[in-house]
Structure formats: C-alpha cells, structure tokens
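Reader: Hi! Could you walk me through this one? I'd like to go chain by chain and then look at some packing.

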Amino acid sequence: MWRFLVRRAVLTIPVLLLVSAITFFGTLLLPGDDLTTFYGAEDVDVTAEQLAALRHRYGLDRPAPIRYLDWLGDTLVGDFGTSLRAKEPVADLVRQKLGVTIWFASITLVANVGVGVALGIVAGTRPGGKFDVGATFLATWGVATPNFWVAILLILLFSLKLGWFPAAGWVSPLEDPLEAARHMALPVFALGLFGSASIMRQTRSSFVEVMTQDYIRTAQAKGVNQRNVVLRHAMRNAMIPVVTVSAFQVAGLVSGSVLIERVFAIPGIGRLAVDATVFRDYPVIQTIVLLSAVAIVAANFLADVLYAVIDPRIRYE
Amino acid sequence: MTSTISRTQTGGHIGLGQTRPAWLTAIRRFYRDPKAVIASAILLTYLFIAVTAPVLAPHPVNEQDAYRSLQAPSWEHPLGTDRLGRDLLTRMMYGTRISVSVGLIAVGIAAGIGVPLGLVAGFFGGWLDEILMRVLDAWIAFPGLILIIALVTIIGPGVVNVMIAIGLNAVPVYARLIRGQTLSVKERDFVHAALAVGASDPRLIFKHILPNTIQPVIVQASLLVGSAILAEAGLSFLGIGIRPPEPTWGVTIQEGFDWIRQSPWPAVVPGVALLLFVLSTNFIGDRLRDVLDPRLRGAR
C-alpha cells in the first residue's frame with residue numbers, strides 16, 4: 001500500500017507543474033504587465049524611462065521562463081504576490097475566505113455522498129420499483145436545474161415566505177454550530193442538488209449491474225439476508241464508479257460555490273474571485289485558479305487512494 | 001435448429017426487402033421514446049422563438065415604463081414586467097436568441113478545436129499524443145466556472161468573449177473523446193485496407209476516420225449545449241459575463257434577484273426557460289446515446 005501511495009503521489013507532480021505553468025503563462029496573455037496595470041489603475045504619470053527602471057528593479061525584464069521559476073519558488077513558500085486592488089498580500093486575502101468555502105464545500109460534499117449513495121442503493125436494488133422511478137425522475141430534474149436559480153426559489157419560499165431560514169450571511173460552525181446550521185441549510189441544499197443527483201444516478205446504475213452478478217445470486221441462494229447482501233457483498237464492487245463521480249463533484253462544488261456564495265452573500269473564495277474579475281485584480285485570480293486546480297488534483301489523488309482501499313487488486317497493478 | 005432458420009429468414013428479409021438508409025432507421029428508433037418527441041418539440045419552439053423574436057415580441061425590447069415597474073402577469077404583460085417596467089415576455093424572447101446562439105457557438109468552438117486535436121493525437125500517437133494529453137489533463141484540473149472566469153478576466157466580458165471562454169473550457173471533453181474513438185477506429189480493417197492501397201494521412205483521417213467518430217460528437221454536442229447555456233447564465237448572473245441591458249436569461253435573473261422582495265417574477269421566469277431547455281437537451285443527448293451507441297443496443 002505504501003509503495004502504491006508513493007508512486008501515485010509522484011505521478012501528481014508533473015500535473016501540478018503543468019497546472020502552475022498554465023496559470024503563470026496564462027496571465028502573460030494579459031495586455032501590459034504588473035507595472036502598467038498598477039500605474040494604469042492609479043492614474044499616475046510615469047515616464048517610459050522610469051517604467052523601464054522599475055521593470056528592471058522588479059525583474060520584469062527577465063525572460064518569461066526565469067520569471068516562472070521565480071514565481072513558482074515564491075508560490076511554494078506561500079507568497080502569492082500583492083493584490084492590485086487591496087494592496088495587501090494575496091495570501092492574507094485568500095486565507096480569510098478560504099476557510100469559509102472549505103467548510104461550505106466539505107459539508108455539501110458529505111451531504112451529497114450520503115444522500116446520493118443512500119437513495120442510489122434503495123433505487124438500484126429494486127430497479128423499476130416505485131421508489132426507483134420516483135428517484136430517477138427527480139435526479140433527471142436535479143442535474144438540469146441551475147443551482148443559483150434553485151437558491152433563489154429556496155430564498156423565496158423558506159426565507160421570505162415562511163421565514164424558517166435566513167436569506168443571507170454566514171456563521172462559523174466553530175462559533176455557533178446551531179446558528180451555522182440554520183445559515184447553511186439552504187446554501188447546502190442548492191449547491192448539493194446537482195451533486196447528489198449525479199451520485200445517486202451513478203450509485204443506482206452500478207448497483208443495478210452488480211446485483212445481477214453470479215456471486216450475489218450465490219450469496220442470496222445460501223441464505224444471506226438481503227441487507228447483508230447489499231451492504232457487504234454488493235457495496236464494495238458498486239462503490240468504485242461512485243468514488244469517481246464523487247471526486248468529479250469537487251470541481252463542480254468549487255464552480256457552484258461561486259454562484260451560491262453570490263446568492264446567499266457568503267464571504268468565501270467565490271465572492272473574492274468575482275470581485276477580483278471585475279477589477280482585473282489578476283494576482284488574486286491567478287492564486288484562486290491555482291489553488292482550485294490543486295484542490296482538484298488532490299481530490300483525484302484521494303479518489304485513487306480510495307480505489308486501492310476498496311479494491312486491493314488495484315494496489316498491485 | 002429452429003432458431004437458426006428464423007435468424008436466417010430475418011436476415012434475408014432485411015437484406016432483400018428493406019433498403020432503408022441507416023440514418024432513417026436511427027431516427028425512427030430515436031422517436032420511439034415519447035420523451036424524445038416532447039424534448040424535440042420544446043427545442044424547436046426555442047429555435048422558432050429565437051428566430052422570430054423581433055417579429056413576435058409584443059413590445060420593443062428596451063421599452064421602459066416607470067409606471068409599470070415590477071408588475072405581476074397581466075393581459076398587457078403576460079409574464080409581468082421588470083424593475084424598469086420592461087415587458088418580461090419580450091425580454092425572455094430576445095434572451096432566447098442570445099442564449100441559444102451562445103450555446104451553439106460555444107459548442108462549435110469546442111468541437112472545432114477539440115476534434116482536430118483529438119484526431120491528430122489519436123492518429124499520430126507518440127510524443128505528440130503524450131504532450132497533448134498531459135496538457136489536457138492539466139486543463140481539466142481547472143474547475144469549469146473558475147477557468148471561464150479567468151479567461152473572461154483575460155479577454156474581457158461581452159457576448160463573443162463569453163462564447164469563446166465557454167467553448168475553450170469544453171475543448172478537452174472533445175479532444176479526449178475523439179482521441180479515444182480515433183485510437184479504436186484506426187485499427188479497424190477498412191482503415192488498414194485504405195493504408196495498404198496507399199491512402200495518404202489526410203485522406204485516412206478525413207475520409208475514413210473522421211466520419212466514424214461523428215456520432216459521439218453529436219451526442220456530446222447535445223449534452224454540452226445545455227451546460228454551455230447554464231454557464232452563460234451563471235456568468236451573467238455574477239455580473240461578469242454578458243452585461244445589461246442585453247436581455248440574456250442570466251442578466252434578467254440577476255436584475256430580478258435584487259428586487260425579489262418586491263416581485264419574484266423577473267428572477268423566477270428565466271429559470272423556468274433555462275430548466276426546460278437544459279432538460280430537453282439532456283433528454284435528447286441521452287436518447288441519442290442510446291440509439292447511436294452500439295454497445296447499448298439491445299440493452300432495453
């Protein structure tokens with residue numbers, strides 16, 4: 001298992017390097033450079049000679065590959081540059097918001113997997129049954145509904161009409177778990193709808209397939225009760241594709257949280273990204289793009305580790 | 001014995017009697033599902049509205065009326081009005097034009113770049129394939145909306161740039177799909193035969209391999225149009241895609257959301273249009289896959 005982990009971890013290094021290179025060289029496509037953007041925004045008069053001197057001083061006149069290595073070195077030690085708008089280190093800006101989004105996205109992910117897998121098992125072990133038809137129908141709608149619009153409908157019904165949940169805001173779960181839950185209920189539902197619908201569809205179809213296999217029939221024939229057949233015999237083999245879909249969800253959660261954070265005025269990374277885009281604050285955008293890609297590479301790595309835990313054969317391939 | 005005979009008979013029957021072209025058979029199979037009929041009808045309606053909006057719309061698209069701000073539906077305004085008193089039905093119809101074209105053109109861009117990349121990578125293999133695929137792996141590591149937001153930051157907002165950003169984001173989907181198809185098609189006998197009689201590389205690619213990868217391209221297109229339209233709506237809702245006063249569905253939802261306590265209509269109505277559109281393209285995509293994918297044939 002350790003050998004597998006190490007080998008798999010080493011494989012992520014080239015992907016991470018490519019991701020960082022795309023992030024860095026992507027911003028070079030922007031018109032101008034740090035200084036023209038900076039002074040353009042400030043509306044300060046600087047002569048061409050002064051700009052050239054400043055460029056030399058900050059090393060902007062060096063070839064792009066060298067600057068990339070320099071940037072990569074800074075990034076690795078947590079120095080993401082300075083925000084053009086807030087004039088603060090990007091690392092500080094991001095740190096404040098990151099915690100909120102991580103809480104929000106992880107709680108949604110756990111809810112998605114829980115709800116999706118549970119519904120998928122019930123639907124998939126009795127395909128064609130009433131529950132299956134109903135759940136599949138709902139899932140079809142769930143994957144087609146825009147999540148920010150669902151969020152608006154939820155606010156209309158549960159906040160403005162019934163007054164059960166707040167329409168906006170954020171409370172840290174560490175400070176006041178109960179109030180945090182009240183604030184998070186609607187956002188988690190809106191963000192999680194798509195994810196749990198697709199996890200449910202995947203769980204269902206893999207259970208439908210696994211349940212027709214010979215070893216399941218053997219288990220049933222020798223008198224194992226249905227509960228154990230499903231949870232012990234079928235589960236392990238049915239879970240592999242579910243893990244894949246769940247890992248995909250991480251990308252969807254990062255994207256989706258940008259929209260949901262806007263609707264519920266949650267002060268997370270998504271909010272920061274939108275503001276940074278409006279002001280073309282590209283050191284902030286660059287950092288968010290890089291961090292989200294790293295999160296997804298990490299999620300895929302975790303998924304691979306989970307495969308190996310679920311199916312020991314994978315460790316020896 | 002009996003089964004052999006009946007099989008030969010059926011086979012003979014198809015061979016002699018029915019010369020129906022394959023695409024017609026596929027269309028007939030496709031419409032055997034009533035949901036596919038409904039979904040097609042809905043999409044045709046959207047297309048019709050998109051084309052005829054300037055003629056059919058009951059009001060001028062930007063006509064404001066301060067005395068009729070945020071009204072509920074009435075005979076005069078069947079879907080109500082927005083904050084500036086503009087007719088929502090009219091804006092929805094014009095929005096259909098923008099949303100449908102963003103969806104189609106974004107998918108066109110994705111296919112236009114992704115399909116050639118996939119063909120080249122799959123056909124030539126080797127280091128070229130290795131490099132292309134690793135870059136695409138990294139590309140996919142960026143979450144969709146974040147990548148689109150970053151692209152819009154670089155190239156700026158606006159209808160055309162939003163199409164480009166959404167299209168570029170979907171390029172790897174096509175490139176990987178077509179590469180896989182190319183890998184399997186290029187080992188088929190008819191390609192080997194063409195190679196043996198001296199066909200050039202471009203001829204092999206365009207004449208023999210490309211036509212055999214078209215079906216998954218179509219299936220994927222119908223699924224991607226839906227997500228492209230959702231992406232546009234999301235971006236415009238965030239205020240960083242297409243900007244007001246363009247009447248896209250996302251813009252209308254965003255403007256409506258700010259006044260939701262006064263009137264829910266402007267925020268809710270465009271979502272219904274979005275939902276129906278995406279539901280229909282998803283149905284059609286799934287159905288096309290069932291009909292066109294040989295592996296699933298006989299599964300139902």
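**A chat about the two chains**

Author: Happy to! Chain B has 12 helices and zero strands. Bear in mind that this is a predicted model.

Reader: Noted. What pattern does chain B follow along the sequence?

Author: Reading along the sequence gives α-α-α-α-α-α-α-α-α-α-α-α for chain B.

Reader: And what does the C-alpha trace of chain B span along its principal axes?

Author: About 80 × 50 × 30 Å.

Reader: How much of chain B counts as buried?

Author: Of its 300 residues, 43% count as buried. As for contacts in chain B between residues at least 6 apart in sequence, 69% join residues at least 24 apart.

Reader: Nice. Let's go to the interface. How many residues of chain B are in contact with chain A?

Author: 34 residues of chain B are in contact with 38 residues of chain A. On the chain B side, the elements giving two or more residues are helix 5 (126-140), helix 6 (144-155), helix 10 (214-238), helix 11 (249-257) and helix 12 (265-292) of chain B.

Reader: What classes of residue are on that side of chain B?

Author: The side of chain B that touches chain A has 26 nonpolar, five polar and three charged residues.

Reader: Helix 12 of chain B caught my eye. At what angle does it pack with helix 3 of chain B?

Author: Helix 3 (residues 34-56) of chain B and helix 12 of chain B pack at about 135°, and their axes are 9 Å apart. That angle is why helix 3 of chain B counts as oblique to helix 12 of chain B.

Reader: Is the crossing of those two left-handed or right-handed?

Author: Helix 3 of chain B and helix 12 of chain B make a left-handed crossing. Among the residues in the contact are B:Ala39, B:Leu43 and B:Tyr46 from helix 3 of chain B, with B:Phe277, B:Phe283 and B:Arg287 from helix 12 of chain B. By class, this contact has nine nonpolar, three polar and two charged residues.

Reader: Great, over to chain A. Into which domains is it divided?

Author: Chain A is divided into domain 1 (11-76) and domain 2 (90-310). Taken over C-alpha atoms, the centres of domain 1 of chain A and domain 2 of chain A are separated by 36 Å.

Reader: How many residues of those two domains of chain A are in contact?

Author: Eight residues of domain 1 of chain A are in contact with eight residues of domain 2 of chain A. The domain 1 side of that contact divides into four nonpolar, four polar and no charged residues.

Reader: Any helix pairs in chain A to look at?

Author: Let's take two. Helix 7 (residues 147-161) of chain A packs with helix 8 (residues 177-210) of chain A at about 145°, with axes 9 Å apart. The crossing of helix 7 of chain A and helix 8 of chain A is right-handed. Their contact includes A:Leu154 and A:Phe158 of helix 7 of chain A and A:Phe189 and A:Phe194 of helix 8 of chain A. It has 12 nonpolar, one polar and no charged residues.

Reader: And the second pair?

Author: Helix 10 (residues 226-263) of chain A and helix 12 (residues 282-310) of chain A pack at about 170°, with axes 9 Å apart. Because of that angle, helix 10 of chain A is roughly antiparallel to helix 12 of chain A.

Reader: Which residues of those two meet?

Author: Including A:Arg236, A:Val243 and A:Val254 in helix 10 of chain A, and A:Ser292, A:Asn300 and A:Ile310 in helix 12 of chain A. The contact divides into 14 nonpolar, three polar and one charged residue.

Key
Residues are numbered from 1 along each chain as its sequence is written. Chains are lettered from A and ligands numbered from 1 in the order in which they are written. This is a predicted model: local features need pLDDT of at least 70, side-chain atom pairs count only at pLDDT 80 or more; totals for chains, interfaces and linings use all residues. Two residues are in contact if their C-beta atoms, placed from the backbone, lie within 7 Å. Helices (H or I, at least four residues) and strands (E, at least two) are DSSP runs, numbered from the N terminus. Ala, Val, Leu, Ile, Met, Phe, Trp, Tyr, Cys and Pro count as nonpolar, Asp, Glu, Lys and Arg as charged, and the others, Gly among them, as polar. Axes are lines fitted to C-alpha atoms, for helices over the stretch in contact, and angles run from 0 to 180 degrees between N-to-C directions. Angles under 35 degrees count as roughly parallel, over 145 as roughly antiparallel, 65 to 115 as roughly perpendicular and the rest as oblique. A crossing is left-handed if the near helix is turned anticlockwise from the far one by less than a right angle, and right-handed if clockwise. Domain bounds come from an automatic or database domain assignment. A residue is buried if 20 or more other C-beta atoms lie within 10 Å of its own, exposed if 12 or fewer, and partly exposed in between; C-beta atoms are placed from the backbone.
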